[in-house]
Amino acid sequence: MKTLILLLSGVKHGSTLEMPCPGWDSVRELLAAVQSGKVSEDEIDNRVSELLALIDFTKGNGAEERQDGSDKIRQEESEVVLWEKHRSLAYRAAAKSITLLKNEGGILPLAKGTKVALIGDFARTPRYQGAGSSQVNVLHPKSMLECMQDSGLVLVGYAKGFDRLGRPDGTLQREAVELAGHSEAVILCLGLDEVQESEGIDRRHMRISQNQIDLLKAVAAVNSNVIVILFSGSVVETKWRADCKALLYAGLGGEMGALAVMDAVTGKMNPCGKLAETWPEHYEDTPAKNYFASEGRDVEYRESIYVGYRYYQKRQIKAAFPFGFGLSYTQFAYSDLRVEKDRAEFTVTNIGDRPGIEIAQLYVAPKDRHGSIFRAVKELKGFTGMELEPGESRRAVIWLDDKAFRYWNNTSGRWEAAAGDYLIQIGSSSEKVELLEEISIEGTGEADASETRMLSHYQTGDIQNVPDQEFAALFGHEIHKSQRVIDRHITFGEMKYGRSPLGWLVCCILTWLMKNSLKKGKPDLNLLFLYNMPLHALAKMTNGMVSMGMVDGIVMELKGFWIIGLIKVLVESVRNLAENRRMEKKI
């Protein structure tokens, strides 16, 4: 029933597609809903019209058939041009996202002719994209090792340095240390591997593998000029950063990511990216450490508004790198802030000797405590990027709209703006305020949210330890403590809790196959997905081969009604086949 309710609710609220391939079972459910009046024909027509509009908009972007040889040649030529445009775009995206986190003594960029040792498995076999559904096919992905040839640097040698999957290997480490001792500088490529960071797996910590940290310490002991290039799709702990002079966060840079990194290292490109996340010193500092990842069926988001920099600033927890942070090979100066009720204007000047991009950020900070409302210390309300030549100044404008000062008031059931004084902060990160001005707001008249007065942990931001009663008060109803129920929504990995030997066997096989793939370092994402997939998804992913009635038969089997469950699966299978054929004839 829940699955049907979600389907009908989706249609009513603008969902045009049910994916990936539910077949005719969902169609029959929608027809029955129209006949019963739960969904109107107009709602169905609207969803179809929206999808047809999308098809019409996108149909000209695909390849079309060509009738003769000349057309085929022109098509091939145009595809070459298109690929070059895509590669150029991929390079710009990678280059603008690279973030310089540390540059002690201005070691970067490296001068032409510098003798460098290139170390790290990621230098030869890069992680340039995520896994699973995010994977795309690329034509010519390059590695750091390949890009070294045209960099202007002198490559002393390459060493793998460490086992990619975290296994200790003294031979690899010794080879890397020896190479580092014969170079002027070391480019050390570290990061998260495909097992630590993959679709279908929740990260249990925020560390890179210990063998990589051990390698960094060993290399730094023989060569102090270590430049770490960090490849990962998300935040990691960087307590080891004291052992390197420069830290360049490359993320997962796509097909042209390695070239962009090499250009940043050599100064052909000025890295000017800013962090879109706060990087804490320790995983234990994070606001969700007590709630995620959950071992049960539910994950409780007790953080409320205190996510990212809002939490760290409220609790005065020093981050390794704050939200919005990013260094550059040049420097920028801020001046002449003028604030009106609808905008903030200021000047940014490039006072260095290189072209660069500065991303200025505007934060709104309530100066007064507004009654019982719990609020963040400050909130990002706008930002703007400016590409400036050395010595160039530019006037920037960031607009303040009706969303700049508002909060959600449960008492009035609408967005409100509390009257009072606010600080408009212009900064180069969430922690570094460059310009400041005060502004007074009249407000909307509703400055109190009475039901929040007893939420002391939310008032102070101590949301790692929110009591059940406070979370229930914020949530609006009692906390649902889920119990494991054998129904359509049980996952394949939970079949072991049923009463069916067949279910136990399936779960054991899946678990063994999954653990075996992880042990080999090549996680089978299909297995991971299947292990965590609810049974009702069978009716949505098999192109009509499995109906929801068949799923109900499997549930009966898992509940211990062995013979009856198998009979129901068989009966529903025959019925589904007949209904599918009947529907195909109608269409």
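This passage describes the fold, helix packing, salt bridges and a nonpolar surface patch of a predicted model.

The structure is a predicted model, in which local features require pLDDT of at least 70 and side-chain atom pairs count only at pLDDT 80 or more, while totals for chains, interfaces and linings use all residues. Residues are numbered from 1 along each chain as its sequence is written, and side-chain values use heavy atoms, with hydrogens and water left out.

The chain contains 17 helices and 15 strands, assigned as DSSP runs numbered from the N terminus (helices: H or I, at least four residues; strands: E, at least two). Its C-alpha trace spans about 75 × 65 × 60 Å along the principal axes. Of the 587 residues, 44% are counted as buried, where buried denotes under 20% relative accessible area, exposed over 50%, and partly exposed the range in between (1.4 Å probe, protein chains only). The chain exposes about 31100 Å², of which carbon and sulfur atoms supply 54%; accessible areas were obtained by the Shrake-Rupley method with a 1.4 Å probe, and for residues only the protein chains shown count as cover. Contacts, defined by heavy atoms within 4.5 Å, often join distant parts of the sequence: among those between residues at least 6 apart, 72% join residues at least 24 apart.

Helix packing was examined around helix H17 (residues 562-586). Two packed helices are described by the angle between their axes and the distance between the axes. Axes are lines fitted to C-alpha atoms, for helices over the stretch in contact, and angles run from 0 to 180 degrees between N-to-C directions. Angles under 35 degrees count as roughly parallel, over 145 as roughly antiparallel, 65 to 115 as roughly perpendicular, and the rest as oblique. Helix H2 (residues 24-36) packs on H17 at an angle of about 75°, with the axes 10 Å apart; H2 is therefore roughly perpendicular to H17. On the H2 side this contact involves Trp 24, Val 27, Arg 28 and Leu 31, and on the H17 side Asn 576, Glu 579, Asn 580, Met 583 and Glu 584. The axes of helix H16 (residues 548-559) and H17 come within 7 Å and cross at roughly 170°, so H16 and H17 are roughly antiparallel. Residues of H16 that meet H17 include Gly 549, Met 550, Ile 554 and Met 556, and their counterparts in H17 include Trp 562, Leu 566, Val 569 and Asn 576.

A search of the whole structure yields 35 salt bridges, each defined as a side-chain nitrogen of Lys or Arg within 4 Å of a carboxyl oxygen of Asp or Glu. One of them joins the side chains of Glu 29 and Lys 540 at 3.9 Å, N to O. This pair links distant parts of the chain, with Glu 29 in helix H2 and Lys 540 in helix H15 (residues 538-541), 511 residues apart. Both Glu 29 and Lys 540 are buried. A further salt bridge is formed by Glu 379 and Lys 381 (3.2 Å, N to O); Glu 379 is buried at 15% relative accessible area, whereas Lys 381 is partly exposed at 26%. Lys 432 and Glu 434 likewise meet in a salt bridge (3.9 Å, N to O), Glu 434 being partly exposed at 28%. In addition, Asp 336, Arg 338, Asp 342, Arg 343, Glu 345 and Arg 395 are linked in a network of salt bridges.

Two buried residues illustrate the surroundings of individual side chains. Tyr 309, located in helix H10 (residues 309-314), is buried with a relative accessible area of 9%. Leaving aside neighbours within four places in sequence, Tyr 309 is in contact with Thr 278, Phe 323, Tyr 363, Lys 378, Glu 379, Leu 380 and Ser 430. Leu 8, in helix H1 (residues 2-12), is buried with a relative accessible area of 10%. Beyond residues up to four places away in sequence, Leu 8 touches Leu 30, Ala 33, Lys 38 and Val 39.

At the surface, Leu 502, Leu 505, Ile 509, Trp 512, Leu 513 and Leu 566 make a nonpolar patch of about 590 Å². Patches are made of residues with over 30% relative accessible area and no salt bridge, like charges being joined within 9 Å and nonpolar side chains (Val, Leu, Ile, Met, Phe, Trp, Tyr) within 5 Å. Helix H13 (residues 501-519) provides the largest share of the nonpolar patch, 5 residues. Leu 566 lies in H17 and, at 46% relative accessibility, counts as partly exposed.
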